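User: I am new to this structure and would like to understand how its labels are justified. Could you take me through the reasoning step by step?

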Amino acid sequence: MPDIAKLQIGENVYEFPLVKGTENEVGIDIKTLRSTTNGVITIDPGFKNTGSCESAITFLDGEKGILRYRGFAIEELAEKASFLEVAYALIFGELPTKEQLEKFHTDIKSKSVVDDDVRKILEAFPKSAHPMGILSSLTSALTAFNPSSVNVDSEEEMYNAIVKILGKFPVLVAWTMRKKSGLPLNYGSKSSGYVENVMKMMFEEPNEEYIINPIIKDALDKLLILHADHEQNCSTSTVRIAGSSHAGLFASLSAGISALWGPLHGGANQAVLEMLEAIKADGGDTKKYMAKAKDKNDPFRLMGFGHRVYKNFDPRATIIKKAADEVLKDLGVEDPILEIARGLEQEALNDPYFVDRKLYPNVDFYSGIIYRAMGIPVEMFTVMFALGRLPGWIAQWKEMRLNKEPIGRPRQIYTGENLRPFQSIEKR
Ligand code: SDX
């Protein structure tokens, strides 16, 4: 592979250096494109062919269905690690020692109390408010109770901001759920593990001891790991670009939560369940919905299918599909929705429209089936995605700031009116 790319525009030939990553990915460094070509830029809606940064956090290969966090295969992490270990590795680059993990968890627990005034903000929301809107607002509100700008050059300040949000975010997640269920807000207990405490805070009833179901705890740990990072996806890119203006960590995360909410992104897990429920209510007529998904005049898309990067299979979907089988069997839950999902998957995997476009089940197709079996309401599914993605967002924001990346500010090609004189209102 040569180390330069040549671009010819008219009679002129321009040369640009090639950047090669540790997994042999190659990018054309066009940092000098506009200045050397007298104003020519590239244009790439959705950034399908454009890299925004060099990153050492997550590697994925969409053709081969590979996903690794800090070089560790997702299959191994899902099987052998805890969510907190994975969070540590994503943020600090290495899997923690026993002592490092214990200190990390202790520090997180020490910062997990949320200022009680945040409850007043929560109480001001109507019960009908979507949990993602509440979560984004409360996360941004945390800035009011904690210094908004983090001095990233101070390792101690950066660490404190990280353990603060890892401690408080699960409380906000649980509070958004309990707001809708009418249960009193709680904190769980410092003697619990990180994921166990999330479960206690979400499900504990005020008048009975909450017993952790190990099946649900293991499944939730695995789901959070599988959602923990995914390189430069829509919400992570939002966190990075918000942070590139030196907005604070909590404000940047709040922006990422809003981006994740969209049904084309993290909101898909809720949309998948609603779609499967609609198919069930429609007598299980999957063929009708397949036809709708293929009809260009119908805005309906088969939710949970397709991916910007995975053009083969989403390795997370493979793991989650297996976990869905195991969890429902272990819990003794018969969910007809799972059968409909399997039927839909089989039809799509054999339908030329989906095969030609390389549309396969993604991370969101089966995850909602497990969340529902755990007793998590469908409106909370994307909140669970955000809980899992939090360490990835933190790691990416930290990397962007420590690399002193410039403020994100894309260019455009103007296609509007040319110069024209102002017309007074009498003459319009
Ligand atoms: C996540 O980027 C990440 O990493 C995201 C994520 C993460 O971990 O952060 O993996 C999480 O967001 C997973 C994706 C969840 N979204 C959904 O399940 C929503 C349904 N899927 C789609 O809307 C779509 O597949 C996207 C948004 C996921 C990807 O869209 P692209 O890459 O922009 O592809 P496209 O819209 O250009 O579609 C290419 C073709 C089009 O048809 P043609 O114009 O070529 O005829 O495929 C069609 C699309 O109409 N198509 C679908 C489809 N997805 C794409 N047709 C029907 N159903 C679908 N789901």
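Analyst: A helix here is a DSSP run of H or I with at least four residues, numbered from the N terminus, and a residue counts as lining a pocket if it has an atom within 4 Å of one of the pocket's points. The model is predicted, and by these terms α9 gives the most to the lining of the second largest pocket, with seven residues.

User: What makes α2, α9 and α14 stand out in the lining of the second largest pocket?

Analyst: Each of α2 (74-80), α9 (214-226) and α14 (315-331) supplies at least two residues of that lining. The lining of the second largest pocket, whose volume is about 240 Å³, comprises 15 residues, with A78, I215, D218, A219 and K222 nearest its centre. By class, this lining has seven nonpolar, one polar and seven charged residues.

User: Why is the pairing of R316 with the ligand called a polar contact?

Analyst: A polar contact needs a pair of N or O atoms within 3.5 Å. An N or O atom in the side chain of R316 is 2.7 Å from an oxygen atom of the ligand, so the pair meets that cut-off. The side chain of K296 likewise has an N or O atom 3.0 Å from a ligand oxygen, and therefore this pair qualifies too.

User: Which residues surrounding the ligand are the closest?

Analyst: Of the 25 residues that surround the ligand, the closest are H230, R301, H307, R316 and R389. By class, this shell has 10 nonpolar, seven polar and eight charged residues.

Conventions
Residues numbered from 1 in each chain as written. Predicted model: local features only at pLDDT ≥ 70, side-chain atom pairs only at ≥ 80, totals over all residues. Heavy atoms only, no water. Near = heavy atom within 4 Å. Polar contact = N/O pair within 3.5 Å; in protein donor to acceptor, adjacent residues only side chain to side chain. Nonpolar A, V, L, I, M, F, W, Y, C, P; charged D, E, K, R; others polar. 1 Å grid on protein atoms, 1.4 Å probe; cavity = no way out; pocket = protein on both sides within 12 Å on 5 of 7 lines; lining within 4 Å. Points joined across faces, edges and corners; volume = space filled by probe spheres on them.
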